[in-house]
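Good morning, colleagues. Please look at the structure on the screen while I describe how its two chains meet.

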2 protein chains.
Amino acid sequence: VASSWINGVRADRIGAEDRGLHYGDGLFETITCIDGRPRWLALHLERLRRGCQRLQLRWDDFQMLGAEIQSHTPAEGRCIMKLILTRGPAQQRGYRPSGDETPTRILRRYDWPAERAPAPTGFRVAVSSVTLGLNPLLAGLKHLNRLEQVLAQAAMGAAPLEEVLMLSSAGDVIGGSRSNIFLADETGLFTPSLADCGVEGIMRQVVCASAAAHGAPVRVRRVARPELSQVREAFLTNVRWGVQPIGLLEGRPLPERQHARALQEWLDAPHA
Amino acid sequence: VASSWINGVRADRIGAEDRGLHYGDGLFETITCIDGRPRWLALHLERLRRGCQRLQLRWDDFQMLGAEIQSHTPAEGRCIMKLILTRGPAQQRGYRPSGDETPTRILRRYDWPAERAPAPTGFRVAVSSVTLGLNPLLAGLKHLNRLEQVLAQAAMGAAPLEEVLMLSSAGDVIGGSRSNIFLADETGLFTPSLADCGVEGIMRQVVCASAAAHGAPVRVRRVARPELSQVREAFLTNVRWGVQPIGLLEGRPLPERQHARALQEWLDAPHA
């Protein structure tokens, strides 16, 4: 059961005229909070700011958003805060924004999900038959048009998998349905370019920054599907999972997790 | 100002946990109502039924939906009814549907929009720089993930255009941002295939059925962008506009409207 605040007031209903509902016209952030601290908050707010610019969604007060998230974060324990920022109630019928909308902000606090039994052998992952359409104008954003991810998750059914990988409609590997992917070959780590589709995850940013700081920058590039059958190591990232090694990739065991372990240690250190 | 009913009750707020808001996980129909009669109602409900099947959104009672729309249609005058059917309140966090959600239905009645001065020379239309991602699983559906159309409409700005055409990411012509397109060459009418993206409009169906009944079926096929510079006639369709001739296509006047006129006459006849 979630607690919910809308435009700063405890509430759990929004106007049925909201463009977030009608068109998915908005953005969201999923923030992990641990012992009173919303983690990576500045990065979340910065991504949201970029998203607002790209969608021409007029919102300025990111400091207030941060303070609001902080104020609703319990001093102890873990929870998940989801922030949705829509363009707001429609001022006219039809797709075209008037430009004068007042955004709606929805903040919902969820219990930390019950953990499954840990997977000592790593996540089991396969490629979904659901693909991602290409759109450079929306690529990278955590916007509210998420039917492709819904279909990919629904298609998993009862398959013994912790995550599915999604390809672009052009056939390239983009990432997990709710995570980013990193792969390693003998020259180091690489991760798919998100220039045409996919979400630029916060943990992806953190991993890239950490790797660069350690003198082994991650290459961001096109990743063709056949490369999956050649890598020795791969891991998934999101803010809840952190760095999650893949143990079984399309049925093939991945023997190594040297990069994942180094990153996990770095993430667990007090500085992170 | 709209009137609004939610799950059959007069209301204008929905739960902030609705998957329609979080993911655009739902469908909609825009129905024109004239003098007590929701036009093409059976076709709208049939498209909605197909959409529910494709999204595995469990809804059975389309007859009740039709009765509800009919009951809120004023006996005189014109209005627009928008029906949104979402997968309903989330039963768990995350993209994956539980399969046990109870859909939310939102019915909103809008005044008929004020008409602009009629355009005796036809609509002015150009190609948008905003493209449509390819996804066969979503193609054709009138789902709630509409950011591409929002961006295309926003990008029109103050350009002297009544509509913009959208290309697929593969560069093919798909349709208008809120309409379908038909084109004519010396062999007759053709319209873009919507196998990979686009919305299968109700008026598009009506036009195709009428043309077939008159012995000149519309060819549905891939339409490459350069063809736009060669057609002698083109028109747009949606339920509000009916058949709307294009007078100026990317700055080039289109001299003919023989097919559009024949279809308009047929649509205006009492049988339609």
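How many residues does each of chain B and chain A bring to the contact? Chain B gives 56 residues and chain A gives 56 residues, where contact means heavy atoms within 4.5 Å.

A word on the basis: this is a predicted model, in which local features need pLDDT of at least 70 and side-chain atom pairs count only at pLDDT 80 or more, while totals for chains, interfaces and linings use all residues. Residues are numbered from 1 along each chain as its sequence is written, chains are lettered from A and ligands numbered from 1 in the order in which they are written, and side-chain values use heavy atoms, without hydrogens and water.

The area buried between the chains is about 4,800 Å², with 61% from carbon and sulfur atoms; buried area is the accessible area (1.4 Å probe) that two parts lose on being put together, summed over both. B:Arg93, B:Tyr95 and B:Leu147 supply 18% of the area that chain B buries against chain A, more than any other three residues.

Turning to polar interactions, the rule finds zero salt bridges across this interface (a side-chain nitrogen of Lys or Arg within 4 Å of a carboxyl oxygen of Asp or Glu).

Finally, the strands. Strand β3 (residues 13-15) of chain A pairs with β3(B) in the antiparallel sense over three bridges; strands are DSSP runs (E, at least two residues), numbered from the N terminus, and two of them pair if DSSP finds at least two bridges between them. Within this pairing, A:Arg13 stands opposite B:Gly15.

Conventions: Helices (H or I, at least four residues) and strands (E, at least two) are DSSP runs, numbered from the N terminus.
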